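Q: I'd like to learn how to read strands, pockets and cysteines off a model. Can you walk me through one?

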Amino acid sequence: MPAPASSSIRVSTRVAGFTYAIRNIVAEARKVEAAGRKVRYLNIGDPIPFGFHTPPHLIEAVDRAMRDGHNGYTNSAGIDAARNAVSAEYTQRGMPVTPDRVILTSGTSEGIELAIGALADAGDDVLVPTPTYPLYTAVLSKIGARAVGYRTDPANNWQPDMDDVRKLIGPATRAIVVIDPNNPTGAVYPEATRRALIELAERTGIPILADEVYGDLAFDGPAPLLGSLDPDALILSFSSLSKAYLAPGWRAGWLAVGRSPRLNEVLAAIKKLADGRLCSPGPMQYGIHAALTGDRSHQREFVRALRERSDLTVAKLNAIPGLHTVTPRAAFYAMPQVTLPKGFTDEDYVLGLLRTAGILCVYGSGFGLPVDQGFFRVVFLASPDELSAIYDDLADFTARFLKSPTHAART
Ligand SMILES: Cc1ncc(COP(=O)(O)O)c(C=O)c1O
């Protein structure tokens, strides 16, 4: 039957479950800007707008690749030079993988999507941390699989609650997502936790999806690869140039499948899926080779700058009555908690902060936390002076919100 010419085209129901609060909330910020107020963006973990620069030798490598004519499709798994470099890097860091177990991807994001696509069917379960980086829940929702959140505990530096992880594993569980160092909490897991996760994967035969994109940005020195604790463990590791190499827009990442033969079919499935999308951005693959074989001194300066901002963030936020944050140990995120007045949500607080103080953060429920717990995420990449001024304004807003929440959220 022909539909009326004016009726809008139907979209799939799965889109409704695909939410990504970090970007969705920007629509609210645009409205605030349209009303004439300047907005300070503390929502997206991109160092570039805050004055950090991609190392020049990476840019030269990509530029040279383009000028040398490397502008066609590559193999779907990526160019050999970069796959060899990832293999050498992992092997040197204690997780030996051969180059044929490395796939170059459009950022960590595509690695996540390929791995989940290879492992989970509609109706299956994948364990994700709560709070989580929201791409995991979004991708699972898109394929009709279920994200099952395991608890990470703010009273224990946001470490995973291992009893909870164990309890949640069932016949439909296909993978356990581990984000370490963690976004949104800034946590780095101790070795005992990491070993417990590996032991669980071994005992249950459920692989770990190890998101290690912040591994080089731990404040006390690079976090060991999870697979370095047991090279035969059931681990797929993801990373990219986005964070530690300051090139998020390049969409240059990789995934490495652990050497256990039990993962061979998963590797083959990932390669099959990767064939369908042809390749990750070609010239940027040369940037991966340059990054992993060249000078990394920029990381020392970047980590120093992050630690300085983290210290400032913790000191200023913990001085605000009604607010508390756990101290981050890596990356550029803190997850403070405000004591919400009864009946109010994290979204009320965050939207009030945006509309009345022009500060954009992301509410904790955007990362899977309950709306009534008052968590929100701060990205602390701005300069210390700017951050200091922002936290002063945040303190003023918080005082008003806690005294008179309905009024404060509107004025
Ligand atoms: C934990 C985590 N995983 C993956 C990503 C996506 O990174 P990429 O730019 O490499 O796709 C991010 C980006 O913020 C992240 O925080």
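A: Sure, strands come first: two strands pair if DSSP finds at least two bridges between them. Keep in mind that this is a predicted model.

Q: In which sense do β3 and β4 pair, parallel or antiparallel?
A: The pairing of β3 with β4 is parallel and runs over six bridges. To put residues on it, look at P129, which stands opposite Y150 in β4. Between the two strands the chain passes through α6, giving a β-α-β crossover that is right-handed.

Q: Which sense applies to β4 and β5, parallel or antiparallel?
A: Antiparallel here, with two bridges joining β4 to β5, a strand of residues 159-160. On the β5 side, P160 is the bridge partner of T152.

Q: How many residues sit between β4 and β5 in their hairpin?
A: Five residues separate them, and in that turn N157 has a positive phi of about 50°.

Q: On to pockets. What volume does the largest pocket have?
A: Its space comes to about 560 Å³. The lining takes in 27 residues, and those nearest the centre of the pocket are Y20, S109, Y133, K243 and R251. Two elements give two or more residues to this lining: α1 (21-24) and α5 (107-119). Of these, α5 supplies the largest share, six residues.

Q: How do the residues lining the largest pocket divide by chemical class?
A: You get 11 nonpolar, eight polar and eight charged residues.

Q: And what is the volume of the second largest pocket?
A: That one is about 200 Å³. It is lined by 17 residues, with T137, S365, G366, F367 and G368 closest to its centre. You'll recognise the elements that give two or more residues to this lining: β3 (125-130), α6 (135-143) and β4 (146-153). The most comes from β3, with three residues. By class, the lining of the second largest pocket holds eight nonpolar and nine polar residues, and no charged ones.

Q: Last topic, cysteines. How many disulfides does the structure hold?
A: Start with the general idea: a disulfide is a covalent bond between the sulfur atoms of two cysteines. In this structure the count is zero.

Q: Is C279 buried or exposed?
A: Buried, because its relative accessible area is 16% and the cut-off for buried is under 20%. C361 is buried too, at 0% relative accessible area.

Terms used. Residues are numbered from 1 along each chain as its sequence is written. This is a predicted model: local features need pLDDT of at least 70, side-chain atom pairs count only at pLDDT 80 or more; totals for chains, interfaces and linings use all residues. Side-chain values use heavy atoms; hydrogens and water are left out. A disulfide is a pair of cysteine sulfur atoms within 2.5 Å. Buried means under 20% relative accessible area, exposed over 50%, partly exposed in between (1.4 Å probe, protein chains only). On a 1 Å grid over the protein atoms alone, a cavity is a set of points where a 1.4 Å probe fits but cannot get out, and a pocket is an open set with protein on both sides within 12 Å along at least five of seven lines; lining residues have an atom within 4 Å of a point. Grid points are joined across faces, edges and corners, and a volume is the space filled by probe spheres set on the points. Helices (H or I, at least four residues) and strands (E, at least two) are DSSP runs, numbered from the N terminus. Ala, Val, Leu, Ile, Met, Phe, Trp, Tyr, Cys and Pro count as nonpolar, Asp, Glu, Lys and Arg as charged, and the others, Gly among them, as polar. A crossover is right-handed if, with the strands pointing away from the viewer, the path from the first strand over the helix to the second runs clockwise.
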